Amino acid sequence: MPTVRIPNDASRLPMTLPRLIEMKQLGEPIVMVTAYDYPSALAVDTAGVDLVLVGDSGAMTVLGYDSTVPVELDELLMLAKAVRRGLKTPFLVGDLPFGSYEVSDEQAVQTAFRFVKEAGCDAVKLEGGGTTSVARAQAITRAGIPVMGHVGLTPQTATALGGYRAQGRNAEAAKRVHAEAVALQEAGCFSIVFEAIPSAVAETIMRDMQVPVIGIGAGPSTDGQVLVFHDLLGIREGRGAKFVKRYADLLDEMVAGVAAYAADVRERQYPAPEHGYTMPPEELERFRS
Ligand code: KIV
C-alpha cells in the first residue's frame, strides 16, 4: 500500500478557478479523479483531491454500457447529483454526454445549465477541439458556465478516430491536437484535458498553454493528472489502458467479501447471536401465550 498524505483541515479550502490558475503558476500538481456516486464522492473528498469529474466514463464503470456513446443526459445528471451530495471542497465538473451538445449552441447551453442548476456542478466538460466543439465551448462560456475542453483520444468519437488508441503520433496528427488545444483555450476554456497523446507532443503543446492542462496518458509535463476512479482502485476486470496505474484491487476484495458472506450464510455461521435483537423475557412470554 503506498504511503498516503491526507491534507489537514486548514488546507481544505473550496477549490476555485483563481486557485487552479495559481496552482499552475506555482507549479503545484493538480489532482483530478472521476466519481459517480455518493460513496466515491466521499472517498475522493476525504482524500483531498482538487477536481472531481463526473465522467461519461460512468456509462461503462457504473452503468455497464460497452462505451460512453449510449449514456443519456438524465442518467449522468443522476450520478452528478449523488456526487454533489458527497463533496465539500473539490471543484465539480460534469461531463456533457454524446449527443447533448453537438446539435446547436442552444442545446449545449441548455444541457450545461442542467448540470449547474440541477446537479450543482461548478463547470462542464465537452470533448473535441474541432469547429463544433470550439463553438459550443464558447457559447457555454459566454452563458457564464466554465468549460473544460478535452483533446487527443476523445472516447465519444472513438469510432471516427479509429478506435481507442493514442492520438497525435505523427507530425500532422500532433499539429491537429495542438491546434485544437489552442482553439479551445481561445474559446475561453478554463482548463483542458489531454488524453492519450505522446509525452513529447504534450510537452511541446504545453509551451502554448496558459490554462491548466490535466493529462491522462499524456506524460508528466501537464499541470495535473486525472484517472478514472474504477481504474486506479481496480474495480474492474482487466488492467485497462497503458497509462493506468493501479493503487488497489478493490474488485478482488469485493468478491472475497461477498463470497465470505455467502459461505457464512450457507454454513449457518451468519447471523450469530450478536447480530440479533432481544426483547424482555416477560414480553416474549406474553407474545407466545
Ligand atoms: O469520462 C471520463 O472519465 C473522462 C476522463 C478520462 C477525462 O473524460
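Modeller: Two strands count as paired if DSSP finds at least two bridges between them, and with that in mind we can look at this predicted model, beginning with strand S1, residues 30-34.

Biologist: What makes S1 and strand S8 a pair?

Modeller: S1 is joined to S8, residues 224-227, by 4 bridges, and because at least two are needed, the two strands count as paired. They run parallel, and the bridge partner of Val31 in S8 is Gln225.

Biologist: How do you know that S1 also pairs with strand S2?

Modeller: The reasoning is repeated here: 3 bridges join S1 to S2, residues 51-54, and since at least two are required, S1 and S2 pair too. These strands run parallel, with Thr34 standing opposite Leu53 of S2.

Biologist: Why is S1 called mostly covered?

Modeller: A residue is buried when its relative accessible area is under 20%, and 4 of the 5 residues of S1 are buried. For the protein as a whole, 45% of the 289 residues count as buried.

Biologist: Thr34 and Leu53 were named as standing opposite each other, so what makes them neighbours of the ligand as well?

Modeller: Both belong to the residues that surround the ligand, and a residue is included there because one of its heavy atoms lies within 4 Å of the ligand. Others in this shell include Gly55, Lys125, His150 and Val228; by class, the shell has 3 nonpolar, 4 polar and 4 charged residues.

Biologist: Why is the approach of Ser57 to the ligand called a polar contact?

Modeller: A polar side-chain atom of Ser57 lies 2.5 Å from an oxygen atom of the ligand, and because the cut-off is 3.5 Å, this pair counts as a polar contact. The value for Asp56 is 2.9 Å and that for Asp95 is 3.2 Å, each again from a polar side-chain atom to a ligand oxygen. Taken alone, the ligand exposes 260 Å², of which the protein buries 94%.

Biologist: The structure holds 2 aromatic pairs; why is the one formed by Tyr261 and Tyr270 called edge-to-face?

Modeller: Their planes stand at 65°, and because angles over 60 degrees count as edge-to-face, the pair takes that name. Its centres are 6.0 Å apart, which is within the 6.5 Å that pairing demands.

Biologist: Why is Tyr261 called partly exposed?

Modeller: Its relative accessibility is 48%, which lies between the limits of 20% and 50%, so Tyr261 counts as partly exposed. Tyr270, at 38%, counts as partly exposed by that reasoning too.

Note on methods
Residues numbered from 1 in each chain as written. Predicted model: local features only at pLDDT ≥ 70, side-chain atom pairs only at ≥ 80, totals over all residues. Heavy atoms only, no water. Polar contact = N/O pair within 3.5 Å; in protein donor to acceptor, adjacent residues only side chain to side chain. Areas by Shrake-Rupley, 256 points an atom, 1.4 Å probe, with all protein chains shown as cover. Nonpolar A, V, L, I, M, F, W, Y, C, P; charged D, E, K, R; others polar. Phe/Tyr/Trp six-rings, centres within 6.5 Å; stacked < 30°, edge-to-face > 60°. Buried < 20%, exposed > 50% of the residue type's maximum accessible area, 1.4 Å probe, protein only.
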